[in-house]
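Please go through the sequence and the model below. The report then takes up the strands, the salt bridges and the pocket.

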Amino acid sequence: MNIDPILRSVVAVRSSIPEDAFTAETLGTVREGSGVVIRDNGLVLTIGYLITEAEEVWLTTQDGRVVPAHPLAYDQESGFGLVQALGVLNAPAVDFGDAAAARPGDPVVLADGIGEFVQANIVARQEFAGYWEYLLDEAIFTAPAHPAWGGAALIGADGKLLGIGSLRLQMSQDGEVADINMVVPIDLLPPILDDLLNRGQVNKPPRPWLGAFSAESNSGVVVMSVAEGGPAAEAGLRQGDIISEIRDEEVDGLADFYRKLWRSGPAGAEIPMRILRNGREAWLRVKSADRNSFLRKPQLQ
């Protein structure tokens, strides 16, 4: 694969976030990563955490030009973010590939906005549950890892876009630990793209959100921390609590917890859960919320 023409379409993304923004403490006030041009009018696809609550976004092309941009949308479910360049990028749009057809062993390239790329292979296609109330049914995992993964473009052997880089993780196999990247599949974008462009969000009721950062434990889901001012904190959920049941149903891991939470109704639904705290069981009722209601909205340009 000749990667040079594709690199022209991958840009660097830099955003600044107000210090009093809801995500400033966890994600920082200056965020840097990459994005890829998906339309000839300068529409750029990136990973959403780079632009959440951003008051300024700047794109840098491969030839060093800096162009201001506007954050259009962040989809909580997929993790994708959209940015519109406010100047000419002179970068061609990348065609979408078929991420559903990608298989472990396939050769790929993960490219960032400063011209660095890693030749890699897909090592897994599987479910991914993130501690921040996030779940992908079938994420793409690649190795070796790219050191600047956030918003990087995953390109297949046919030169088409397969996904957007999200995380750097570790995988243990045959007693050895290897760094890998988790990539959000591009197939999640077309069904929601028009909504994101026209409405800034997907046209359906928002999921219930707790504001709990959690991990799996042997006996359920353990709370690592709670978002200050979020529903979980207001209901008294604490670090170290173990969530064993939700709505009288046993919790079997993090992904199962999320699915049962999201089946409880739209944002605002009351979520009863059984917890284990200091060896004692108790019930809590958490009035969920719309996560987006806690975030600053993009200012009109």
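What follows is a short account of a barrel, a set of charged pairs and a pocket.

The model is predicted.

**The barrel**

Six strands close into a barrel. Their order is S7-S8-S9-S12-S11-S10, and the pairing is antiparallel. From one strand to the next, the twist averages 50 degrees.

Start at strand S7, residues 107-111. Four of its five residues are buried, which leaves this strand mostly covered. S7 pairs with S8 in the antiparallel sense, over five bridges. Val108 has Ala120 in S8 as its bridge partner. The two strands, S7 and S8, form a hairpin with five residues between them. Gly115 sits in that turn and has a positive phi of about 90 degrees.

S7 also pairs with strand S10, residues 153-156. Four bridges join these antiparallel strands. Here Ala111 stands opposite Ala153 of S10.

Elsewhere in the barrel, S11 pairs with strand S12, residues 176-185. This antiparallel pairing runs over ten bridges. Gly165 has Val183 in S12 as its bridge partner.

**Salt bridges**

The structure holds 14 salt bridges. Three of them are set out here, with the distance between N and O atoms.

| Pair | N to O distance | Separation in sequence |
|---|---|---|
| Lys204 and Glu77 | 3.2 Å | 127 residues |
| Arg259 and Glu127 | 2.9 Å | 132 residues |
| Arg259 and Asp137 | 2.9 Å | 122 residues |

Take the pair of Lys204 and Glu77, whose closest N and O atoms are 3.2 Å apart. Lys204 lies in the loop between helix H3 (190-199) and S13, and Glu77 in the loop between strand S5 (66-74) and strand S6 (80-85), so the bridge ties together parts 127 residues apart in sequence. Lys204 is partly exposed, at 45% relative accessible area. Glu77 is partly exposed too, at 23%. Glu77 and Lys204 are also linked with Arg207 in a network of salt bridges.

Arg259 takes part in two of the listed bridges, to Glu127 and to Asp137. What does the pair of Arg259 and Glu127 link? It links distant parts of the chain: Arg259 is in helix H5 (residues 253-262) and Glu127 in strand S8 (residues 117-130). For the other partner, Asp137 lies in strand S9 (residues 134-143) while Arg259 lies in helix H5, so this pair ties together parts 122 residues apart in sequence.

How accessible are these residues? Arg259 counts as partly exposed, at 30% relative accessibility. Glu127 is partly exposed, with a relative accessible area of 38%. Asp137 is exposed at 58%, because the cut-off for exposed is over 50%.

**The largest pocket**

About 740 Å³ of space lies in the largest pocket. Its lining is made of 31 residues. Thr23, Thr26, Leu27, Trp132 and Phe213 lie nearest the pocket's centre.

Which element gives the most to the lining of the largest pocket? Helix H2 does, with four residues. Helix H2 (24-27), strand S11 (161-173), strand S13 (212-217) and strand S14 (220-226) each supply at least two residues of the lining. S11, one of these contributors, is also a barrel strand.

By class, the lining has 18 nonpolar residues. Eight more are polar, and five are charged.

Definitions and conventions. Residues numbered from 1 in each chain as written. Predicted model: local features only at pLDDT ≥ 70, side-chain atom pairs only at ≥ 80, totals over all residues. Heavy atoms only, no water. 1 Å grid on protein atoms, 1.4 Å probe; cavity = no way out; pocket = protein on both sides within 12 Å on 5 of 7 lines; lining within 4 Å. Points joined across faces, edges and corners; volume = space filled by probe spheres on them. Nonpolar A, V, L, I, M, F, W, Y, C, P; charged D, E, K, R; others polar. Salt bridge = Lys/Arg side-chain N within 4 Å of Asp/Glu carboxyl O. Buried < 20%, exposed > 50% of the residue type's maximum accessible area, 1.4 Å probe, protein only. Pairing = 2+ DSSP bridges. Axes fitted to C-alpha atoms, helices over the stretch in contact; angles between N-to-C directions.
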